[in-house]
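Student: Please take me through one part of this model closely. I would like to see how its helices pack and what sits around them.

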Amino acid sequence: METPFVTSIIQKIAEEIGAVVLVDPECTFVGLITFKNGNKTFFRTTRFSINSSASAAIAKDKGVSNFFLNKFGYKVTEGKTFFSEELCEEIANPRNIDAGFYYAKELGFPLIVKPINLSQGAFVTKVHNKQEYYQAANKILQKISGFIVERFYSGNDYRIVVLDDEVISAYQRIPLFIMGDGQSNVLELLQQKQETFIKNGRKEIIYFEDYRIKKNLRRRKLNFSTVIPKNHIVYLLDNANLSTGGEAIDFTENIHPDFQKLAISITKDMELRLAGVDILTNDIASPMVDYTIIEVNGAPSLTHYASFGEVQTKRVENLYLKILKALENENNRENY
């Protein structure tokens with residue numbers, strides 16, 4: 001069984017600092033780290049005890065975290081949460097899928113429909129009309145009991161990774177796209193992109209049956225058999241997560257101090273030590289004029305970011321080294 005990326009980095013770093021890692025052979029993304037001083041800590045994929053369980057849970061719930069960020073004075077997306085019929089009955093709340101549609105009409109299309117607490121961009125959908133709204137909302141409610149209807153904001157999508165008072169990495173995220181060569185059709189271009197990802201260590205991350213890809217193709221009057229003209233770009237997803245085929249442009253060396261301060265302040269106010277702060281803005285290399293917080297992630301995955309080159313891999317290794325050193329020297333930690 002192949003060792004997961006994060007586990008392999010932890011094993012490498014642990015050896016360097018004299019720690020011992022015990023990994024579950026069945027779930028190789030779960031392990032226990034025992035440090036030289038006797039301190040111990042569990043990890044599960046990218047989740048460490050560096051953040052408290054309460055803060056991590058609040059960050060994971062997009063609706064709740066938006067409420068607090070707004071109260072703290074940050075610019076957040078405008079939106080409301082809505083629930084399945086079963087949960088509406090249980091909590092005596094009228095905000096069901098139909099109420100969500102009326103709210104969507106108030107906001108105005110296009111808008112974003114996304115799950116309350118799923119990760120990696122799952123089911124995040126830009127919808128343009130009633131049919132697309134109900135399709136997206138029902139897809140989410142088949143998995144979990146709540147979703148968010150949110151105003152659509154334009155701008156470039158950036159992730160800023162913070163550990164304590166330091167920005168570890170910053171990069172722009174570009175949604176899954178294909179570029180035509182004048183000969184290959186959409187399916188062939190997607191297959192070529194998947195092969196490139198695998199070659200770069202990103203594994204099979206494009207889900208060809210994703211309803212959002214088909215929706216975006218239909219909106220452009222295209223399908224998998226359409227040949228795309230040379231150098232013509234077609235965006236296939238609206239979310240820019242690297243885990244769904246997005247690509248990254250590194251801004252770690254160019255991020256403006258305004259955005260560094262913003263990301264560090266957000267992380268502290270959310271009572272987190274480690275966070276991925278996702279924002280929309282024109283350019284994080286320029287002085288801050290305007291921004292919108294998309295969300296704050298308490299367990300940011302940098303696996304795909306690391307696949308973009310040696311510099312990025314080294315930054316990720318450096319992040320985990322700092323996390324392990326911090327955990328080694330901490331007492332009374334709370335795991336989650």
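**Helix α6 and its surroundings**

Tutor: Start with one ring. F101 is buried, because its relative accessibility is 7%, under the 20% cut-off. Keep in mind that this is a predicted model. The partner of F101 is Y102, and the two rings form a tilted aromatic pair. Their centres are 6.1 Å apart, with 50° between the planes. Y102 reaches 54% relative accessibility, so Y102 counts as exposed. The pair therefore joins a buried ring, F101, to an exposed one, Y102.

Both rings belong to one aromatic cluster. The other members are F82, Y103, F109, Y133, Y134 and F147. Across the whole structure, a search finds 15 aromatic pairs.

Now to helix α6. This helix spans residues 130-141 and packs with helix α8, residues 211-219. The angle is about 170° and the axes lie 12 Å apart. That angle is over 145 degrees, so α6 runs roughly antiparallel to α8. On the α6 side, the contact uses E132, Q135, A136 and K139. On the α8 side, it uses Y211, K215 and R219. By class, four of these residues are charged, two are nonpolar and one is polar.

Take K139 from that contact. K139 lies in α6. Its relative accessibility is 30%, so K139 counts as partly exposed. Leaving out residues up to four places away in sequence, K139 touches F123 and Y211. Y211 is also one of the α8 residues in the helix contact. For a longer view, compare K139 with F5: they are 134 residues apart in sequence and 30 Å apart in space, C-alpha to C-alpha.

A second lysine, K126, ties in here. K126 is in strand β6, residues 125-127. At 18% relative accessibility, K126 falls under the 20% cut-off, so K126 counts as buried. Not counting residues up to four places away in sequence, K126 touches P110, L111, I112, E132, F152, K215 and D238. Two of those names are familiar: E132 belongs to the α6 side of the helix contact, and K215 to the α8 side. K126 also has a distant stretch of chain beside it in the model: N239 is 113 residues away along the chain, yet the C-alpha atoms are separated by 8.3 Å.

Two other helix pairs help for comparison. Helix α1 (residues 5-17) packs with helix α11 (residues 310-328) at about 60°, with axes 10 Å apart. That makes α1 oblique to α11. The crossing is right-handed. From α1, the contact draws on F5, V6, I9, I10, K12, I13, A14 and I17. From α11 come V316, E317, Y320, L321, L324, K325 and E328. Eleven of the contact residues are nonpolar, four are charged and none is polar. F5, the far reference point for K139, is thus part of the α1 contact with α11.

The other pair is α2 (residues 53-60) with α3 (residues 62-71). Their axes come within 5 Å and cross at roughly 100°. That makes α2 roughly perpendicular to α3. The contact is made by I58, A59 and K60 of α2, together with K62, V64, S65 and F68 of α3. Four of these residues are nonpolar, two are charged and one is polar.

Conventions:
Residues are numbered from 1 along each chain as its sequence is written. This is a predicted model: local features need pLDDT of at least 70, side-chain atom pairs count only at pLDDT 80 or more; totals for chains, interfaces and linings use all residues. Side-chain values use heavy atoms; hydrogens and water are left out. Axes are lines fitted to C-alpha atoms, for helices over the stretch in contact, and angles run from 0 to 180 degrees between N-to-C directions. Helices (H or I, at least four residues) and strands (E, at least two) are DSSP runs, numbered from the N terminus. Angles under 35 degrees count as roughly parallel, over 145 as roughly antiparallel, 65 to 115 as roughly perpendicular and the rest as oblique. A crossing is left-handed if the near helix is turned anticlockwise from the far one by less than a right angle, and right-handed if clockwise. Contact means heavy atoms within 4.5 Å. Ala, Val, Leu, Ile, Met, Phe, Trp, Tyr, Cys and Pro count as nonpolar, Asp, Glu, Lys and Arg as charged, and the others, Gly among them, as polar. Rings of Phe, Tyr and Trp (its six-membered ring) pair if their centres lie within 6.5 Å; planes under 30 degrees apart count as stacked, over 60 as edge-to-face and the rest as tilted. Buried means under 20% relative accessible area, exposed over 50%, partly exposed in between (1.4 Å probe, protein chains only).
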